[in-house]
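Thanks for coming, everyone. Please have a look at the screen, and then I'll walk you through it.

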Amino acid sequence: MPELKRSVCPYDCPDTCGLLVEVENGRAVRVTGDPDHPFTRGTLCPKMLHYEKTVHSSRRLTTPLVRTGPKGSGSFRPASWDETVAAIASRWREIIAVHGAEAILPYSYAGTMGLVQRNAGHPFFHRLGASRLERTICSPAKEAGWKAVMGDTPAPHPDEVAESDLVILWGINAAATNIHFLHGVREARRRGAPVWVIDTYRTPTAAAADRVILPRPGSDGALALGMMHVLARDGLVDRAFLAERVQGYDELAERILPDYPPERVAALTGIPAAEIEELARRYGRARAPFIRLGSGLSRYGNGAMTVRCIAALPALTGAYAVRGGGCLASTSTGPAFALGEVLREDFMARPTRVVNMNRLGHALTGLADPPVMSLYVYHSNPAAVTPDQNEVIRGLCRDDLFTVVHERFLTDTARYADIVLPATSSLEHADVYRAYGTYCIQRAHPAIPPVGESRSNWDTFALLAGAMGFEEEFFRRSAGEMIDRLLSVPTAMRAGIDQVRFDAGLAVELPLAPDAPRIFATPSGKVEILNPREPEPLPRHIPCHEDAGELPLRLMTAPTPYALNASFYEQEELRQKQGGAMSLLLNPAEATARNLAEGQRVTAVNDRGRVAFILRITDRVPPGVAVAEGVWWLEHAPGDRTVNALTSQRLTDRGNGSTFYDTRIEVLPAP
Ligand SMILES: Nc1nc2c(c(=O)[nH]1)N[C@H]1C(S)=C(S)[C@@H](COP(=O)(O)OP(=O)(O)OC[C@H]3O[C@@H](n4cnc5c(=O)[nH]c(N)nc54)[C@H](O)[C@@H]3O)O[C@H]1N2
Ligand SMILES: Nc1nc2c(c(=O)[nH]1)N[C@H]1C(S)=C(S)[C@@H](COP(=O)(O)OP(=O)(O)OC[C@H]3O[C@@H](n4cnc5c(=O)[nH]c(N)nc54)[C@H](O)[C@@H]3O)O[C@H]1N2
Ligand code: SF4
Ligand SMILES: [Mo]
């Protein structure tokens, strides 16, 4: 009889599902959704249905490795932990002696979202005096734009969407990235709410919508301003709400009335003026319109401003005050834990250099002082996921760069390492999780022993701390002790949780006061359409970087339902579900204009790179747009580069975020 253990999905996904793991002889044999999870209620996405195939993949790294061939060749010999940890410590001592500790750069992101394992390197690198990584690859511009208008106002509970009478899925492919949210959306629809999707192409989510609107990439801010123009012009605004609870509506009206009439917004967005009018009127007449805002539209040079424009919209109609209305950008559950206990910024003797993770290529190849002489990568795959792959790989090829990669698989990045350390999967280590699409938290204990000689992030940093001679008792704590410590610090947000359930390893909801999303946590206590603390006090349309670009196609570097960033490519079945090949989607008219045929090999080019894809022709993609779903591993790519060879290191208007979607290309037949 298999033993049943509880765990948590560790991936970077807003849902943070509870898992049930069937364990037999120390192996996970089956993984299913936990029906006892308050939000995800027992269903899993297609990626996690066979998590056991990832955990027990024949490709798992089981011992440390030392490089024996040229960087990138993938030639390694097995080695012991003692040998590799001693080698890392001695090389770091040499680097510190010559260049100082800031010549060492950690690089980590979202391989696991558990609070202790994810952040395990912070105390170590603070104590070492290493450079700090600005971790802004995902959605800091979205956060900045949201915060400028709504401050720290909590998002509505995701279940509230069921009470909405108009749902807008705005820049979110929820069928891939937030599948459990669609339960509530379906419920709203069953009760009569139309569902509108606003995206740049017909994603799988569009297939389930009543209406699909496809603005030109990067132009959603203008669309929101045009909608607000119509609301203001036609008197569809809530005067009482605006007077009492909104700052700056009159100033906004002075701008949107002359500047954003539907005809001008049609020119900016490519959406016909009549459709903008219709969308605005439907929005204005709805009792409780609910916007679920994704992050894709924030990954542009104007990303934060776009989010600000959209965040202003519910203020005009008072939707922010209505249950089932408003906007869910993400649930901020961070304050539920005293994360400072893990991060330990106090271990830093002085504030050290900060390197933006989106500009890794620049950091590794530029003339920084001190130069980056060692890169330590853990739970991230920068050779695949970071923009400007060519420059990242040029940097990783440097013979004088000492690279250590702590990983579950021999990823594109690990192939360039001098030393590879084997990492546990989430089933093999302890952690505690919060969520960014729900208000759930959950603790996980190891369900199985480590595969091979793999070690968790926490345990690996403990070894490295020992080898570097760090005396602090902190570095001798186990992950379990660290979690206990973290949970022993009470926070206002966790007060009143079902402690018995939580201690039993079940997911529990943070108690959200019913009206919390309707009490605006901004400095003025109002929705701040006008925010005097911003360099631009009022929302307006600003162009994105590539609005000035010359190549004809906008490239969408979008998520696929069958992978998560560059994770899950070890599963052959999931690659098959993605069509078996790294493909580029193009509209029939664009294919015909270039004399390209379905299934042929094509090359996408711009001044940063050239990437081979297999062409898929589909009218799901409008003219002027190309779509590359997923972040494939190089070994499965038709050529020698993957999608991020086309993306740039330029940052967003606010938040220093990535601009993956702000990319232009041309597509040519492959030679
Ligand atoms: N299956 C799967 N799930 C995932 C991920 C994955 O890769 N695969 N990634 C995870 C991660 S790291 C994150 S951050 C989250 C969220 O990941 P995000 O990248 O925020 O994905 P979505 O929120 O679905 O939003 C992306 C959508 O925005 C659209 N888009 C791009 N530009 C524009 C634009 O200018 N306007 C509009 N209206 N739409 C635009 C894209 O076409 C795409 O459908 O998902 C997580 N979940
Ligand atoms: N083209 C394109 N590029 C993108 C995106 C996109 O949509 N399109 N999305 C961007 C976004 S939103 C994000 S958030 C980033 C994500 O970028 P990353 O955080 O780098 O995400 P993954 O590709 O999932 O890589 C995580 C790695 O961590 C490893 N891992 C898992 N668990 C552990 C563990 O416990 N310990 C250690 N040491 N390793 C572990 C996994 O094997 C995996 O290789 O990618 C960005 N890049
Ligand atoms: S990736 Fe998301 S939807 Fe899939 S199991 Fe994990 S938390 Fe659930
Ligand atoms: Mo992300």
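How far does a polar side-chain atom of Thr177 lie from an oxygen atom of ligand 1? The distance is 2.9 Å. Bear in mind that this is a predicted model.

Let's stay with ligand 1. Asp199 contacts it too: an N or O atom of the Asp199 side chain sits 2.6 Å from a ligand oxygen. Gly171 uses its backbone instead, with an N or O atom 2.9 Å from an oxygen of ligand 1. How much of this ligand does the protein cover? It covers 96% of the 900 Å² of accessible area that ligand 1 has on its own.

Now the shell. There are 32 residues around ligand 1. The closest are Asn173, Asp199, Asp220, Arg299 and Ala563. So Asp199, one of those closest residues, also supplies the side-chain contact at 2.6 Å. By class, we have 16 nonpolar residues, eleven polar and five charged. Which domains do they come from? Domain 2, residues 141-329, gives at least three, and domain 3, residues 553-669, also gives at least three.

On to ligand 2. Here 30 residues make up the surroundings. Ala110, Ser380, Glu407, Ala566 and Ser567 come nearest. Take Glu407 as an example. An N or O atom in its side chain is 2.5 Å from an oxygen atom of ligand 2. Ala110 works through its backbone: a polar atom there is 2.8 Å from a ligand oxygen. With Asn565, the ligand atom is a nitrogen, and a polar side-chain atom lies 3.1 Å from it. Taken alone, ligand 2 exposes 920 Å², and the protein buries 97% of that.

The shell of ligand 2 divides into twelve nonpolar residues, 14 polar and four charged. Where does this ligand lie? Domain 1 is made of residues 65-137, 343-480 and 497-504, and domain 3 covers 553-669. Both give residues to the shell, so ligand 2 lies between them. Domain 3 therefore appears in both shells, that of ligand 1 and that of ligand 2.

Next, some strands. Look at β25, residues 610-617. Which strand runs parallel to it? That is β23, residues 583-586, joined to β25 by four bridges. In that pairing, Leu584 stands opposite Leu615 of β25. Strand β24, residues 601-605, also pairs with β25, but in the antiparallel sense, over five bridges. There, Val605 has Arg610 as its bridge partner. A hairpin of four residues connects β24 to β25.

Now the aromatics. The count comes to 26 aromatic pairs. I'll pick one: Tyr300 with Tyr661. Why do we call that pair stacked? The ring centres are 6.1 Å apart and the planes meet at 20°, so stacked is the label. The cut-off for stacking is planes under 30 degrees apart. The two residues are 361 apart along the chain, and the pair links distant parts of it. Tyr300 is in the loop between β12 and α13, and Tyr661 in the loop between β26 and β27.

Last, two backbone details. Most residues other than glycine have a negative phi, and most peptide bonds are trans. Which peptide bond is cis here? The one from Asp369 to Pro370, with omega near -5°. Pro370 is placed in the loop between α15, residues 360-365, and β15, residues 374-378. Then there is Asn25, a residue other than glycine, with a positive phi near 50°. Asn25 lies in the loop between β2, residues 18-24, and β3, residues 27-33.

That's my list. Over to you.

Definitions and conventions
Residues are numbered from 1 along each chain as its sequence is written. Chains are lettered from A and ligands numbered from 1 in the order in which they are written. This is a predicted model: local features need pLDDT of at least 70, side-chain atom pairs count only at pLDDT 80 or more; totals for chains, interfaces and linings use all residues. Side-chain values use heavy atoms; hydrogens and water are left out. A residue is near a molecule or strand if one of its heavy atoms lies within 4 Å of it. A polar contact is a pair of N or O atoms within 3.5 Å; within protein, one must be able to donate a hydrogen and the other to accept it, and residues adjacent in sequence count only if both atoms are side-chain atoms. Accessible areas come from the Shrake-Rupley method with a 1.4 Å probe; for residues, only the protein chains shown count as cover. Ala, Val, Leu, Ile, Met, Phe, Trp, Tyr, Cys and Pro count as nonpolar, Asp, Glu, Lys and Arg as charged, and the others, Gly among them, as polar. Domain bounds come from an automatic or database domain assignment. Two strands pair if DSSP finds at least two bridges between them. Rings of Phe, Tyr and Trp (its six-membered ring) pair if their centres lie within 6.5 Å; planes under 30 degrees apart count as stacked, over 60 as edge-to-face and the rest as tilted.
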